[in-house]
Amino acid sequence: MHPVPSVLGVLTVLTTVDSAEAAGALARAAVESRLAACAQISGPVTTVYHWKDALETSQEWEVLFKTTTAAYPALEARLTAGHPYDTPEIIATPVVQGSADYLAWVAQEVTAG
């Protein structure tokens with residue numbers, strides 16, 4: 001399934017991982033390869049979810065990437081390949097409004113894909 005297209009061509013993409021180190025590795029790989037203009041790491045956060053018929057609670061780190069709709073498929077592939085989870089959360093949200101200068105910067109920095 002493809003993300004909903006952004007009128008502005010910019011997306012935020014969220015994933016979560018089980019350590020600050022894994023978050024940093026995903027963030028660096030995406031930005032170094034120009035699949036994201038930047039990545040913000042937040043955490044730890046507490047996550048409650050069902051997994052394999054059990055209620056789980058764990059600490060995770062969120063990584064929020066700023067990218068373009070054109071680069072999204074390659075970013076998703078990179079995140080999936082480098083992700084420590086069997087079923088990673090990878091959610092893209094279209095940016096519907098924003099600072100023109102910032103959005104232009106994102107578009108300029110994201111050159112892969």
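**Helix packing, a salt bridge and the largest pocket**

What covers the buried residues of helix α3 includes strands β1 and β3. The model analysed here is a predicted one. Helix α3 spans residues 100-109. Its buried residues are L103, V106 and E109. Viewed down the axis of α3, these buried residues fall within an arc of 130°, so they line one face of the helix. The face of α3 turned away from this buried side carries A100, D101 and Q108, which are exposed.

Helix α2 was examined in the same terms. This helix covers residues 72-82, and Y72, L75 and L79 are buried in it. Seen along the axis of α2, the buried residues occupy an arc of 65°, so they line one face of the helix. In an α-helix there are 3.6 residues a turn, so residues three or four places apart point the same way. The buried residues of α2 pack against four elements: β1 (10-17), α1, β3 (54-68) and β4 (90-94). Strands β1 and β3 thus recur, as they are also included in the cover of the buried residues of α3.

E109 of helix α3 also takes part in a charged contact. A search of the whole structure returned one salt bridge. It joins the side chains of E109 and R34, with an N to O distance of 3.0 Å. The pair links distant parts of the chain, 75 residues apart. E109 lies in α3, whereas R34 lies in the loop between α1 (20-32) and β2 (38-51). The two partners fall in separate accessibility classes. E109 has a relative accessible area of 18%, and it counts as buried because the cut-off is under 20%. R34, at 35% relative accessibility, is partly exposed.

Backbone geometry was considered next. Most residues other than glycine have a negative phi, and most peptide bonds are trans. R34 has a positive phi of about 65°, although it is not a glycine. This salt-bridge residue sits in the loop between α1 and β2. K52 likewise has a positive phi, near 50°, and is a residue other than glycine. The place of K52 is the loop between β2 and β3. With a relative accessible area of 66%, K52 is exposed. The peptide bond from G43 to P44 is cis, with omega near 0°. P44 is placed in strand β2.

Strand β2 also contributes to the largest pocket. This pocket has a volume of about 320 Å³. It is lined by 15 residues, of which Y49, W51, E60, Y85 and T87 are the closest to its centre. The elements that give two or more residues to the lining are β2 and β3. Strand β2 gives the most, with four residues. By class, the lining of the largest pocket holds five nonpolar, six polar and four charged residues.

Several elements therefore appear in more than one of these descriptions. Strand β3 packs against the buried residues of α2 and gives two or more residues to the pocket lining. Strand β2 holds P44 and gives four residues to the lining of the largest pocket. Helix α3 has E109 among its buried residues, and the side chain of E109 meets that of R34 in the salt bridge.

Methods. Residues are numbered from 1 along each chain as its sequence is written. This is a predicted model: local features need pLDDT of at least 70, side-chain atom pairs count only at pLDDT 80 or more; totals for chains, interfaces and linings use all residues. Side-chain values use heavy atoms; hydrogens and water are left out. A salt bridge is a side-chain nitrogen of Lys or Arg within 4 Å of a carboxyl oxygen of Asp or Glu. Buried means under 20% relative accessible area, exposed over 50%, partly exposed in between (1.4 Å probe, protein chains only). The arc is that of the directions from the helix axis to the C-beta atoms. Contact means heavy atoms within 4.5 Å. On a 1 Å grid over the protein atoms alone, a cavity is a set of points where a 1.4 Å probe fits but cannot get out, and a pocket is an open set with protein on both sides within 12 Å along at least five of seven lines; lining residues have an atom within 4 Å of a point. Grid points are joined across faces, edges and corners, and a volume is the space filled by probe spheres set on the points. Ala, Val, Leu, Ile, Met, Phe, Trp, Tyr, Cys and Pro count as nonpolar, Asp, Glu, Lys and Arg as charged, and the others, Gly among them, as polar.
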